[in-house]
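Open the model in your viewer and keep the sequence panel visible. The stops below each begin with a selection and then say what is there.

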Amino acid sequence: MGVIVYGSIFSPPCRAVLITAEALGVPVQIKDVNIGQKEHLSPEFLKINPQHTVPTLDDNGTIVIDSHAILPFLISKYAKDDYFYPKDLGKRALVEARLHFDSGTAFSVLKAVYRSHLYEGQLEYLTELQTQKILEVYALLNTFLERTEWIAGDRLTIADISLITTLNSLEAMLAIDANKFPKIVKWSERANQLPFFSVNKIGKEQYLDKWKVVSKH
């Protein structure tokens, strides 16, 4: 049966899962779920994931929901060492804190803006509050990176993978000022040069195409 990922590379969390699988050398089958067409609400998908969210992972019958749970699962099962998810409790706690920051703050901001455009017809601008929230995410990420080269230490971890996919989608909505946030610009560039980040470039371009009007404001 193998490993199946339900989702789309347009989705930042789905990209994070695919990047991690690629970094680990784990072959995956992608089953596209079109949220715009409400395929996530189909009876077939609801049987797999009653929360109707993507990404959803099916690893030979083991179902794992939410990218922030899927990434540690993949590392724990397939990684040859602890490079992407350290076993040291202090270092791991920092990685997990950054994952929670992505889930609870950065991606929440992205999702809120996306929904306002998808469901409320707000297509050509960001509100003052939306702009403020995105800038707050940029500022915090830049502060994190003043202490370390990567977001949770001196090497790339699953926290970087998760947050960079979110960041690259946020910047499609609001361009990053490299003078104000130089650390996150260099961090993103450094990560996206890695070969297993290739799928992120595709998803990022899809986001840029969709939100290019917004990013001008």
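**Stop 1: the sheet**

Select Gly-7 and Asp-32: in β2, Asp-32 is the bridge partner of Gly-7. The model is a predicted one, so read every stop with that in mind.

Extend the selection to residues 3-7, strand β1, and to β2; the two run parallel and are joined by five bridges. Now add the remaining strands. The result is an open sheet of four strands in the order β2-β1-β3-β4, and its pairing is mixed. β2 (28-32) and β4 (62-65) are the edge strands, each paired on one side only. On average, neighbouring strands of this sheet are turned by 20° against each other, with direction ignored.

For the antiparallel part, select β3 (residues 56-59) together with β4, where four bridges hold the pairing. Leu-57 has Val-64 in β4 as its bridge partner. β3 and β4 make a hairpin with two residues between them. Pick Asn-60 in that turn: its phi is positive, at about 55°.

While the strands are shown, keep one general point in mind. Side chains in a regular strand alternate between the two faces of the sheet.

**Stop 2: the helix across the strands**

Select α1 (12-24). α1 lies across β1 and β2, and runs at about 155° to β1.

**Stop 3: the two domains**

Colour 3-78 as domain 1 and 89-215 as domain 2, following the domain assignment of the protein. The C-alpha centres of domain 1 and domain 2 are 20 Å apart. In the contact, 15 residues come from domain 1 and 23 residues from domain 2. Leave the colouring on for the next two stops.

**Stop 4: the largest pocket**

Select Ser-11, Ile-35, Val-54, Phe-107 and Lys-111. Of the 30 residues lining the largest pocket, these are the closest to its centre. The space in this pocket comes to about 830 Å³.

Which helices should be displayed around the largest pocket, as each supplies at least two residues of its lining? Show α1 (12-24), α3 (67-78) and α4 (89-120). α4 gives the most to this lining, with nine residues.

Colour the lining of the largest pocket by class: 14 residues are nonpolar, twelve polar and four charged. With the domain colours back on, both domains appear in this lining, since domain 1 (3-78) and domain 2 (89-215) each contribute at least three residues.

**Stop 5: the cavity**

How many cavities of 30 Å³ or more does the structure hold? There is one. The volume of the largest cavity is about 40 Å³.

Select the lining of the largest cavity in two steps. Begin with Pro-12, Pro-13, Ala-16, Ser-67 and His-68, which are among the lining residues. Then add Asp-102, Phe-107, Ser-162, Thr-165 and Thr-166, which also line this cavity. The elements that give two or more residues to the lining are α1, α3, α4 and α6 (158-173). By class, four residues of the cavity lining are nonpolar, five are polar and one is charged.

Why does the largest cavity lie between domain 1 and domain 2? Both domain 1 (3-78) and domain 2 (89-215) give residues to its lining, so the cavity lies between them.

Finish with Phe-107 selected alone. Phe-107 is one of the residues closest to the centre of the largest pocket, and Phe-107 is also one of the residues that line the largest cavity.

How values were computed
Residues are numbered from 1 along each chain as its sequence is written. This is a predicted model: local features need pLDDT of at least 70, side-chain atom pairs count only at pLDDT 80 or more; totals for chains, interfaces and linings use all residues. Side-chain values use heavy atoms; hydrogens and water are left out. On a 1 Å grid over the protein atoms alone, a cavity is a set of points where a 1.4 Å probe fits but cannot get out, and a pocket is an open set with protein on both sides within 12 Å along at least five of seven lines; lining residues have an atom within 4 Å of a point. Grid points are joined across faces, edges and corners, and a volume is the space filled by probe spheres set on the points. Ala, Val, Leu, Ile, Met, Phe, Trp, Tyr, Cys and Pro count as nonpolar, Asp, Glu, Lys and Arg as charged, and the others, Gly among them, as polar. Domain bounds come from an automatic or database domain assignment. Two strands pair if DSSP finds at least two bridges between them. Axes are lines fitted to C-alpha atoms, for helices over the stretch in contact, and angles run from 0 to 180 degrees between N-to-C directions. Contact means heavy atoms within 4.5 Å.
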